[in-house]
Amino acid sequence: MTEALLGFGAVFALALLRVPLAFAMGLVGFVGLGLLRGWPPTMANAAQVVYDTGFAYTLSVVPLFILMGNFVARAGLANELFRAAYAFIGHLRGGLAHATVLACAGFGAICGSSIATAATMSKVAYPPMKKLGYADYLSTGVIAAGGTLGIMIPPSTILVIYGIVTETHIGKLFAAGVLPGLLCAGLLMACVAWITWRDPAAGPAGARTPWPQRWRALRDIWGVALLVVVVLGGIYGGVFTATEGAGIGASGAFFFALARRALGWRMLYEVLLESARTTAMLFTILIAAMLFSSFVNFTTMPGDLRDWILHLGLPPLAVVGAMMLVYVLLGTIMEELSMVLLTIPVFFPIVTGLGFDPVWFGVLIVLVVQIGLISPPVGMNLFVLGALLKDVPLSTIFRGVWLFVLALCVALVVVLEVQPLALWLPSFMR
């Protein structure tokens, strides 16, 4: 336990010195394992981790889903999703904000990235809300919070990485995210309704869209619907694996962008470059986390901690609840993916040792990541909006997001207490 605790302390100390967390985890894991096992075995282990991660077939799902999301974003489907949602509910008080949540949910079903969803919707949804006179705190708050749906509603990059690290069935993880994702969307819309009830001027109603235009707007999103049905339906139905589904989705998004004449040579280069950069960032964090995990597992800390908790006699659900509280607190000061990969080696054996389903725990992990993404002071979605919407002070963005943070905390408690919400759909999969 002592060596592992010193390792965690070293990681946090390096993070406070502004060393990127990926490099901090990799360095501490490598040095710690070298001091415990000797340098030749450590060098061999590091080489094996890098090789296995870089050439893992299952990990190819990550760049493929990222590529699919980038193709879809460049094809302009986010605009059509927003227009379709607005056509049906834009005439309600706060209708544009409600439409933003629905558009984020739809875009998340083909993107898998929270930051990409928030960045895209800030360009699509903020200008109409600004034009109609929406309060900036509501506009930015709902975009930041709606962006988090991109990692809960499948396909989700976080769920893929969690599934690979913990060897949990990715298809079941995707199925498990559907109902909690819808719950989150509903709670975010409830927040919009509450805000506009308290302050009607914050979200005035828009013009009513005639029914012919509504049906036309609905027909425009057939590409999104087809892509989602083919990719996720194929994975859930066992027609193909998650990796094959990601490949089909990326190919479909590519041809769809071509058909819409939204993809020239320059745009193709930008999409490939952006996808490569995002993939390199994720793989760097993943490799570093694997190195640190090797060190932590060698110290036997996970097993010792699990045995200690089991001997305390606490209710198993209380133990998991305490873990979620730790995650929520860490999410306010740490980058979310690094936080998860840093703690999984410790928490996951405890959860499985208590008899809980790893699929359910994966959904809880995504929920705490969602909360962290919009929790000041280091919520990534907030800084993305701050960088893109330069006329809006960061303090306004922080003020507007707190009620949505509370809504996601409610969702976390519900999924924690009602496990079938996450496990019902996966139960139909083989």
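Which residues does Phe-361 touch, not counting residues up to four places away in sequence? The close-ups below come from a predicted model.

**View 1. Phe-361 and its contacts.** Phe-361 touches Tyr-162, Met-323, Met-324 and Tyr-327. Its other partners are Ile-344, Phe-347, Phe-348 and Val-351. Residues up to four places away in sequence are left out of this list.

**View 2. The largest nonpolar core.** This core has 151 residues. Phe-361 and Phe-404 have the most contacts inside it. Helix α19, residues 358-373, gives the largest share of the core: twelve residues.

**View 3. Cysteines without disulfides.** The disulfide count is zero. Cys-191 is in no disulfide, and its nearest cysteine sulfur, that of Cys-409, is 11 Å away. A disulfide needs sulfur atoms within 2.5 Å, so Cys-191 does not qualify. Cys-191 is buried, at 8% relative accessible area. Cys-409 is also in no disulfide. For Cys-409 the nearest cysteine sulfur is that of Cys-184, 11 Å away. Cys-409 counts as partly exposed, with 24% relative accessibility.

**View 4. A nonpolar patch on the surface.** Leu-27, Val-31, Leu-35, Trp-39 and Met-43 form this patch. Together they have about 510 Å² of accessible area. Helices α2 (21-37) and α3 (39-54) each supply at least two of the patch residues. The largest share, three residues, comes from α2.

**View 5. Leu-27 in the patch.** Leu-27 is found in helix α2. Its relative accessibility is 48%. Leu-27 counts as partly exposed because exposed means over 50% and buried means under 20%.

Note on methods. Residues are numbered from 1 along each chain as its sequence is written. This is a predicted model: local features need pLDDT of at least 70, side-chain atom pairs count only at pLDDT 80 or more; totals for chains, interfaces and linings use all residues. Side-chain values use heavy atoms; hydrogens and water are left out. A nonpolar core is a set of buried Ala, Val, Leu, Ile, Met, Phe, Trp, Tyr and Cys residues joined through side-chain atoms within 4.5 Å. Buried means under 20% relative accessible area, exposed over 50%, partly exposed in between (1.4 Å probe, protein chains only). Helices (H or I, at least four residues) and strands (E, at least two) are DSSP runs, numbered from the N terminus. Contact means heavy atoms within 4.5 Å. Patches are made of residues with over 30% relative accessible area and no salt bridge: like charges are joined within 9 Å, nonpolar side chains (Val, Leu, Ile, Met, Phe, Trp, Tyr) within 5 Å. Accessible areas come from the Shrake-Rupley method with a 1.4 Å probe; for residues, only the protein chains shown count as cover. A salt bridge is a side-chain nitrogen of Lys or Arg within 4 Å of a carboxyl oxygen of Asp or Glu.
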